[in-house]
Amino acid sequence: MNCVLGPDNILYDTLLFRVIYDGVGNVLPCWLSYVVAGIAMMMILVNGVLLGAGLFSWVERRLIGRFHNRIGPNRWGPFGSLQPLADLVKLLVKEDLTPRGADRIVFTIVPVAMLAPVVLVMAVVPFAKDTALANLNVGVLYILAVTSITSIAIFMAGWASDNRYAMFGASRGVAVLISYEVPVVMSLLGVVLVAGSMSLNDIISAQTIPFLLVQPLAFFVFFAGTSAELNRTPFDLAEAESEIIAGYHIEYSGVKFALIQAAEFGAVLTSSAVMVTLFLSGWSGPASNYLGWAWFLMKIGVLAFIFSWIRATFPRLRIDQLLAFAWKFLLPLSIINLFATALEVYFLRDGAGNLDTSDLWIMAGINFGVAFACLLVFGTLIKEKVRPAGPVTGATLTPGEAD
Amino acid sequence: MYGIAMVKGLMVTLKNLTKKPFTVQYPEERVKQHPRFRGEEFVWYEERCTGCASCAKYCPLGIIKIVTTPSETAPAQGDKYKLEVFDIAINRCMFCGLCVEACPYDALFMGSGFEQGQYSRKEMVIDIDHLRQADKRPSTWFRPQLEDAGYDPKGGRPLDWQEVGRESWQWHQKEKAGMDISRPVPSDLLPQEPPVDSSFVEDSEAAPAPVPNEDAE
Amino acid sequence: MPIKTEPMTVNIGPQHPSTHGVFRLRVTFDGEEILEVEPIFGYLHRGTEKLAEERNYTQIVTLTDRLDYVSSMINNQAYCLAVEELLGVEVPQRAKYLRTLTAELQRVASHLMGIGFFLQDLGTLGTPLMYAFRSRERILDLFEMLCGARITVSYMRPGGVFFDAPDDFWPALDQFLKDFDAEYKEIEQLILENEIVMVRTRGVSLLPLDLAINASVSGPVLRASGSDWDWRKMDPYDAYDRMEFDVPVATGGDNYDRFWVRIQEIHQSIRMVKQCIQQIEPGPTRADVPLILRPPAGAEAYGRVEASKGELAFYLVADGGISPYRCKVRSPSLINLTVTEHLLVGWKLADMIVTLGSLDINMGEVDR
Amino acid sequence: MALQQLTGEDLAEKVAAGVPESVDGMVDGALRVKSQKIADVANFMKSDSGLDFNFLNSISAVDYIDHFEVVYHLTSLNKRHTAIVKTRLVGRDDLTLPSVYHLWRGADFQEREIWDLMGISFSGHPNMKRIMLWEGFEGHPLRKDYL
């Protein structure tokens, strides 16, 4: 009973899925092998993300250690690489506390709700040729939809914890996520316009030159927006260590804390993966038929390094400044970018509506010009806000009037 | 332009990424410990100690407990007391070193260790037996004769009571804890080291009576 | 449409990473905005003033170490000046220079910590803090070389300093000064003009000069508001009358200015250290005073210094005994906190943390 | 311009002219004023253009068993001189002194501290409660009879 996956199935393009499906299909009924292959793929993804998160937590701690001019975790395993395992064991044996006033059910759901979108995003990201679990034709939309779940999880965590710091963290987190969703979507529209498709596979194949060059503004906006959504410095308001201690996950301990941490570190990796796919031409590179995964991982590594680097350098913004940054700076930039891209695509496309490589180079040139002009204009506008000068005229205090 | 300073900051951190870390991995490697370091494990030379309890009196926290009786072993000297209890509660000690400063006979020295952690507070009281047997690596804090000799407690060997010498340099010309010591110290005012007392000096023949000043290492 | 909101009272501290010790603020928030602030302290109250009445004059030096534990040298200096005023003792020249030198090194260390934690409160994940600690560690090493301890130094004694510096101290100090310039420049490059720091701190929590003076605020916080009052200039003690230095003054009175004044004071301190090295001459380091001091009965002294946090003073009253009759500590951190309410109300939670960082309080000194 | 230490003699005449019947004598270069007049004297010393003491360094209280002495260290940042003003409170119970909170905000915590540790209450202070110790603490630890 050979099972054959029809080409109309959304999993048809996934080579790995087909191999497992065919192999298992020799001994099991087709419907069951479909399920088995799906579960196998899921296991690979979930464990891949979790392992990656663990690995990245070590890498980031090492990196930040070196940025700080110190060593970082180095006690267990070669260069301390087994540190995540040690952390995990420590967190697993820790008591799993739930505060008395907490909403137990919601409190317990949160870690899963945090982790799920992180893993789900990876379902549509092709990490080598023909390896996306699901080649959705609305891939970009799917990513945007799934990542928004995080905001609900954060709010659940803040609300259920019965802690005022957690409440602060949650309200900040939700405000940030809602604000940054807008410029992020707008910036992605530019990419979609150029690629002419929402499917991630098509976007990769459309990147004869990386869209980083074609869409510098969009990349900048997307990068900043993603940082904000990931709660990473300089936008880590929701878990501002020095202000509200850990924000929404202040009350979590033990396994739940481990899951939340895994979700946070995993989110960096998945967001990097999305960025690699959308802006850095994904798995393509020399010998990409065989080494696609290596290119993909390497590009993720570069982006993750930049995330760590920025995290190690910058202070945090204030909530109103952060929102102002989103609405007054990133949103106009992304709209300008979208407008410019739309015009360029309108004038440069050929009869069939396609853009060839030379068109992309022309767009890259124009867009870099636009980007610099925008930065200059906005820089001068913001400059006044950055350095308000002049003497202070404070309220004077006269005797008897004080208080 | 807006953003330049941020890029500068990024460059600074990047530069530091390539630098050698300035921290050291403590149990394996250690930073250099300076000879004046005021550490735990007080170094006490019973042969020098007269039991005057200046240290106990001068301790700001009162953590030194001394009980003495008139000496039976050397009654001729008269001024020598036999120590029965000499407890230092180092769990409360703040290592100010004032006891060392107060000691008129250079019998008490700060130690040089810092790794005497214990699991219970009771074990943190070091008694007279502990002080007798402890590793004698005196800190050079307030003991210029050791400093002049270039003694390094971490690098050098343990010193016995004849080697640590007497304080040769006095910041006060007139008195120290009530004693009249003016420079040059007249030989009759030099404290008599207990010369022949086999009960606590093992090779009593080898012990010279007055110890020269620059005797350390 | 007006949204119905409700104020929320939160205890910031006493266990909080950014309150610089066991400091508690009972804050009422409207959303993120602060409506009411009440500082509550005393969690670290150890009764230093009462303890001092039971100790003799030299022993109190060890208590002063523990007041502002990041600038022990300056505390020692203030106390010793007060005792010397009681006794009428003239300190030897070399001791004066050694005191000035160590006090300035300590000021560098303290300000480095102030800057580091200020930026930590801004959310820099420890990078400037680590760079600051890198340099501070070197200074503490020097102190260890000098007096055997790193934090609780007890280096100074009434009548001078307890001991001259060892021979290897001077080359080590030279080496430190050489390296410090580069290390410090790194901190300045990293953060001094950073736009995020500017946005976060410029114009935030303004402290007008008249209020600053009225509220007895002193030290860098006062100088950030536009006064050039510095006790080292106005009433030179120890060797400060022979030092050439500028007093950095900012006029804004906001968080950035307080941070900036500290940054600049480190430059001036290093300048003074260099002058000390040039001018210091061999000689005795301790005046001829006995170990047990007995100032005359009825004598009073108000020994004050410009500490790293502000005007630190010891008001001593002697009764002819071996311990002071009254030892009052005028702690700058406590009195600088008088303006907390003015600085914080109306600003946001994030600003509150930064403002506390910019005041650079030390709970050991606030609670005593 | 060097700092000038104004002694009691320098001050007495002016203060006596500004606030009649307030001066109680001179001690050790300090001016001693009557305790009930301390707020008026402080007001005069702050507002008088010749004295202009705009900076309150510290307020200290000393327990002399039969009486308490409260010491004000003052500085004029403009005129660059300092002065010490003392006042005396006889007795041990129910001691009150007019507060200088409304002249110098810097007195806020110091007066509260004196109330907390010495047991001298300041009338006119808006928030006269314990500062270092908790509410309900019995006694005032810095008094000489507190053991």
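pLDDT is the predictor's confidence in each residue, from 0 to 100. It matters here, as this is a predicted model.

**Exercise 1. Work out where in chain B to be careful with the coordinates.**

Solution. Start with the overall figures: chain B has a mean pLDDT of 71, with 70% of its residues at 70 or more. Next, pick out the weak stretches. Residues 171-186 of chain B sit below 50, and the model still gives this stretch 25 contacts beyond near neighbours in sequence. Then there's 194-217 of chain B, again under 50, with 47 contacts beyond four places in sequence. Last step: where pLDDT is low, the predicted coordinates shouldn't be read in detail.

**Exercise 2. Describe the side of chain A that touches chain C.**

Solution. Count first: 35 residues come from chain A and 40 residues from chain C. Now find the helices. On chain A, H2 (30-67), H7 (164-195), H11 (241-244), H13 (288-313), H14 (319-348) and H15 (357-386) each supply at least two residues to that side. Finally, sort by class: the chain A side has 17 nonpolar, 8 polar and 10 charged residues.

**Exercise 3. Check the radius of gyration of chain D against that of a compact globule.**

Solution. Begin with the fold: chain D has 3 helices and 8 strands, running β-α-β-β-α-β-β-β-β-α-β from the N terminus. Its C-alpha trace spans about 45 × 30 × 25 Å along the principal axes. For 147 residues, a compact globule would come out near 15 Å; chain D has 15 Å, so the two agree. To round things off, buried residues make up 50% of chain D. And of the chain D contacts between residues at least 6 apart in sequence, 45% join residues at least 24 apart.

Definitions and conventions
Residues numbered from 1 in each chain as written. Chains lettered and ligands numbered in written order. Predicted model: local features only at pLDDT ≥ 70, side-chain atom pairs only at ≥ 80, totals over all residues. Contact = placed C-beta atoms within 7 Å. Helix = DSSP H or I, 4+ residues; strand = E, 2+ residues; numbered from the N terminus. Nonpolar A, V, L, I, M, F, W, Y, C, P; charged D, E, K, R; others polar. Rg over C-alpha atoms; globule rule 2.2 N^0.38 Å. Buried ≥ 20, exposed ≤ 12 C-beta atoms within 10 Å, placed from the backbone.
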